[in-house]
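Open the model in your viewer and keep the selection panel at hand. The stops below are meant to be followed in order.

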Amino acid sequence: MISTLAAVGMALSTIIVPPDSVPPPTGEITIDVVTVNGSGCRAGTAAVAVSPDNKAFTVTYSEFMAQVGPQAKPTDFRKNCQLNLRVNVPGGFTYGIAQADYRGFAHLEKGATGTERANYYFQGMSETEYRSHTFKGSYSDDWQTTDKTDIAAIIYHPCGAKRNFNINTELRLNKGTSDPKKTSFMSMDSTDGSISTIYHFAWKKCNT
């Protein structure tokens with residue numbers, strides 16, 4: 001599998017940088033996980049890290065998997081995670097999210113489907129629309145989806161305000177016409193940190 005930092009570098013090479021954005025600040029950026037909720041990420045199973053160049057941050061899950069089949073519980077067909085993050089950036093800068101890359105692994109029997117669905121927004125502000133991506137069986141491989149925000153539609157954190165950043169993600173399995181004796185699953189988790197969701201920053205300077 002691709003290492004987290006290598007994956008960040010590969011993804012950054014394809015990101016479209018907004019023309020009115022500025023280079024990332026050189027000062028330290030930290031992210032605190034304020035709350036974690038959802039059937040796909042119990043406490044302690046989601047970790048956040050900022051890339052060394054301050055161009056993105058990653059979220060790594062360790063127990064985020066939905067499944068259907070003989071060994072699955074009735075509620076396992078849908079797993080979700082809600083993260084509330086406090087992003088601490090150097091003074092004089094503000095940020096938005098220009099692109100999000102989601103990745104994981106799926107094993108889908110013929111006739112089954114797996115869907116990844118997500119949105120994100122600043123606390124107290126309008127939510128971005130949910131975006132969904134569906135994979136059809138038979139399929140057994142790594143998967144990746146990318147959600148890009150139109151340049152004019154990027155929402156920036158209000159300068160001088162204190163608003164946490166909310167991330168909602170969901171995995172959903174539908175067994176469809178697949179063999180009920182066989183298991184299908186879709187994961188967004190990683191036991192070794194090599195599979196991460198990547199959120200790409202767009203930066204602006206605040207008027208002092």
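Is C159 buried, partly exposed or exposed? The model on screen is predicted. C159 has a relative accessibility of 44%, and because buried means under 20% and exposed over 50%, C159 counts as partly exposed.

**Stop 1: the disulfide of C159**

Select C159 together with C206. The two form a disulfide, with their sulfur atoms 2.0 Å apart. About the S-S bond the torsion is -85°, and the link of C159 and C206 is left-handed. C159 sits in the loop between β9 (139-148) and β10 (165-174), while C206 belongs to the segment after β12 (197-205), so the pair ties together parts that are 47 residues apart in sequence. C206 has a relative accessible area of 16% and is buried, whereas C159 is partly exposed.

**Stop 2: the whole chain**

Now clear the selection and colour by secondary structure. The protein has 1 helix and 12 strands. Starting from the N terminus, the order is α-β-β-β-β-β-β-β-β-β-β-β-β. There are 208 residues in the protein, and 46% of them count as buried. If you switch to a surface, about 10,500 Å² is exposed, and 50% of that comes from carbon and sulfur atoms. Among contacts in the protein with a separation of 6 or more, 81% are between residues 24 or more positions apart.

**Stop 3: the other disulfide**

How many disulfides does the protein have? The count comes to 2 disulfides. A disulfide is a covalent bond between the sulfur atoms of two cysteines. Select C41 and C81, which are joined with an S to S distance of 2.0 Å. Their S-S torsion is about 95°, so this disulfide is right-handed. C41 is in the loop between β1 (30-37) and β2 (46-50) and C81 is in strand β5 (residues 78-88), so the pair ties together parts that are 40 residues apart in sequence. Both C41 and C81 are buried. With bonded cysteines counted along the chain, the disulfides of the protein follow the pattern 1-2, 3-4.

**Stop 4: the neighbours of β5**

Keep C81 in view and show strand β5. On one pairing, β5 runs antiparallel to β1 over 7 bridges. To find that pairing, select N37, which stands opposite Q82 in β5. β5 also pairs with β10: 8 bridges join the two, and they run antiparallel. Here the residue to select is C81 itself, which stands opposite T169 in β10.

**Stop 5: the largest pocket**

Which residues lie nearest the centre of the largest pocket? Select V87, V89, H157, A161 and K162, which hold that place among the 19 residues of the lining. The elements that give two or more residues to the lining are β5 and β6 (93-108). The space in the largest pocket is about 310 Å³. Rolling a probe the size of a water molecule over the atoms shows where empty space is left.

**Stop 6: strand β3**

Next select residues 56-61, which make up β3. How many of the 6 residues in β3 are buried? The count is 6 of 6, and the strand is mostly covered. In a regular strand the side chains alternate between the two faces of the sheet. Show side chains here: A56, T58 and T60 point one way, F57, V59 and Y61 point the other way, and all are buried.

β3 can be followed to two partners. It pairs with β2 in the antiparallel sense over 5 bridges, and V59 in β3 is the bridge partner of V48. β3 is also joined to β12 by 4 bridges, again antiparallel. In that pairing, T58 stands opposite I198 in β12.

**Stop 7: two backbone details**

Select N54, in the loop between β2 and β3. The hairpin of these strands has 5 residues between them. Phi of N54 is near 60°, a positive value in a residue other than glycine. N54 has a relative accessible area of 9%, so the residue is buried.

Finish at G137 and S138. The peptide bond from G137 to S138 is cis, and its omega is near 10°. S138 is in the loop between β8 (131-136) and β9.

How values were computed. Residues are numbered from 1 along each chain as its sequence is written. This is a predicted model: local features need pLDDT of at least 70, side-chain atom pairs count only at pLDDT 80 or more; totals for chains, interfaces and linings use all residues. Side-chain values use heavy atoms; hydrogens and water are left out. Buried means under 20% relative accessible area, exposed over 50%, partly exposed in between (1.4 Å probe, protein chains only). Contact means heavy atoms within 4.5 Å. Accessible areas come from the Shrake-Rupley method with a 1.4 Å probe; for residues, only the protein chains shown count as cover. A disulfide is a pair of cysteine sulfur atoms within 2.5 Å. Two strands pair if DSSP finds at least two bridges between them. On a 1 Å grid over the protein atoms alone, a cavity is a set of points where a 1.4 Å probe fits but cannot get out, and a pocket is an open set with protein on both sides within 12 Å along at least five of seven lines; lining residues have an atom within 4 Å of a point. Grid points are joined across faces, edges and corners, and a volume is the space filled by probe spheres set on the points.
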